[in-house]
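Trainee: Please take one part of this chain and go through it closely. I would like the backbone and the strand pairing treated together, with the terms explained as they come up.

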Amino acid sequence: MTKRMPRVRKQVNPELLAMMQERLQAHRRGQFIVLGSISLIETFAGALRFPVSNNVPTGPTVGYMTDLEKKADLQKLIVLTPWEGVPALTEKTEEFCPACLHGCHVCNESGRKICEGVGCGGSGYTLGPAEVCPECVAKIGKFDPQCNKCQGHGAIYPKVECVMCKGSGQIVCSFCKGQTRYSTGLKGGSTDFLVGRCTECHGFQRKSITKEQKIDPHVNALLPDPRNGPVAAVGPIFSFVVDLSEEQREQAGTPVRMFDVRQDAAGDQLFMLIDSTSTPAWPYLVGGLITEHNADANVMMISSR
Ligand SMILES: [Zn+2]
Ligand SMILES: [Zn+2]
Ligand SMILES: [Zn+2]
Ligand SMILES: [Zn+2]
């Protein structure tokens with residue numbers, strides 16, 4: 001897929017305005033069927049994600065425009081909810097969740113524990129392969145039962161620094177990673193499952209960080225609205241993903257549908273026009289030729305190479 005920046009009309013021309021109004025009117029008249037909520041939009045600037053947060057989709061709800069016979073027009077999407085911006089994303093880190101820390105019982109909250117290296121046992125060394133005793137066998141050719149060096153064995157086992165603890169006799173506690181505390185994933189760092197999951201990490205025991213998503217890099221143009229103000233043109237959109245509504249899930253037999261978008265016959269690409277002059281700001285999806293993403297076709301292309 002080529003991702004070069006297309007030429008964009010620098011103002012909302014009558015054609016675009018008509019497309020926006022057509023969708024608005026169909027919405028008002030109830031001439032649509034709900035498809036689901038957008039969970040991902042891919043533009044030339046990358047992906048915008050709209051994850052489900054607390055069981056509520058954060059992406060705009062979209063539907064197909066329908067004609068008088070209630071037949072869906074698969075090329076005309078209507079956005080049915082106002083523009084609420086792009087949500088911040090939460091990502092799990094490798095760090096312990098700070099809200100449910102508990103003293104580590106494995107290392108007694110020291111962060112270290114006795115080396116588990118075979119033969120070390122905390123001494124810091126292990127015994128190497130046997131060598132003839134330098135005090136008896138090496139000197140007189142046979143072992144001396146009175147030898148102090150080998151206690152009469154005739155052989156000695158030299159001490160070798162333990163590879164696991166490097167001679168310290170201790171290793172970092174793998175349970176708390178040397179931090180003396182670990183996250184239990186339970187409320188307040190409890191170890192009692194009856195208290196329920198930690199409300200911060202929801203039992204995942206990991207700290208989450210919040211990442212802002214910025215819409216600006218995805219805005220191709222600010223179109224002067226001939227009526228009153230600017231309309232942000234987000235796109236061109238190359239693909240998008242819809243988390244289907246309950247009804248659509250049953251029909252499609254899948255929870256999500258993916259779509260690819262190409263230029264339409266008029267040479268237009270798909271844009272989401274965010275009209276910030278209305279209150280609340282309202283998004284419109286216009287232009288482009290929308291096709292269902294065919295995963296099988298990709299697999300065939302890859303395997304035939
Ligand atoms: Zn000896
Ligand atoms: Zn050791
Ligand atoms: Zn520990
Ligand atoms: Zn937690």
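Mentor: I will take the loop residue Gln151, which has a positive phi of about 50 degrees although it is not a glycine. The model is predicted, and local features need pLDDT of at least 70, side-chain atom pairs count only at pLDDT 80 or more, and totals for chains, interfaces and linings use all residues. Residues are numbered from 1 along each chain as its sequence is written, and chains are lettered from A and ligands numbered from 1 in the order in which they are written.

Gln151 sits in the loop between α2 (137-140) and β12 (155-156). Helices (H or I, at least four residues) and strands (E, at least two) are DSSP runs, numbered from the N terminus. Gln151 counts as exposed because 11 other C-beta atoms lie within 10 Å. The cut-offs, with C-beta atoms placed from the backbone, are these: buried if 20 or more other C-beta atoms lie within 10 Å of the residue's own, exposed if 12 or fewer, and partly exposed in between.

Gln205 also has a positive phi, of about 65 degrees, and is not a glycine. Its place is the loop between β15 (181-183) and β16 (206-211). Gln205 is classed as partly exposed, since it has 18 C-beta neighbours inside 10 Å. A positive phi of about 75 degrees is taken up by Gly30, just after α1. For helix α1 itself (residues 14-29), 16 residues at 1.5 Å a residue should span 22 Å, and the end C-alpha atoms are 22 Å apart, which agrees. The expected span is 1.5 Å times one less than the number of residues.

Now the strands. The peptide bond from Gly235 to Pro236 is cis, with omega near 0 degrees, and Pro236 belongs to strand β18 (residues 230-244). β18 runs antiparallel to β19 (residues 256-262), joined by five bridges; two strands pair if DSSP finds at least two bridges between them. Asp260 in β19 is the bridge partner of Ser239. β19 also pairs with β22 (residues 289-292), again in the antiparallel sense, over four bridges. There, Arg262 stands opposite Leu289 of β22.

As for the wider setting, the chain is divided into domain 1 (14-88 + 212-303) and domain 2 (112-172), with bounds from an automatic or database domain assignment. The C-alpha centres of domain 1 and domain 2 are 72 Å apart.
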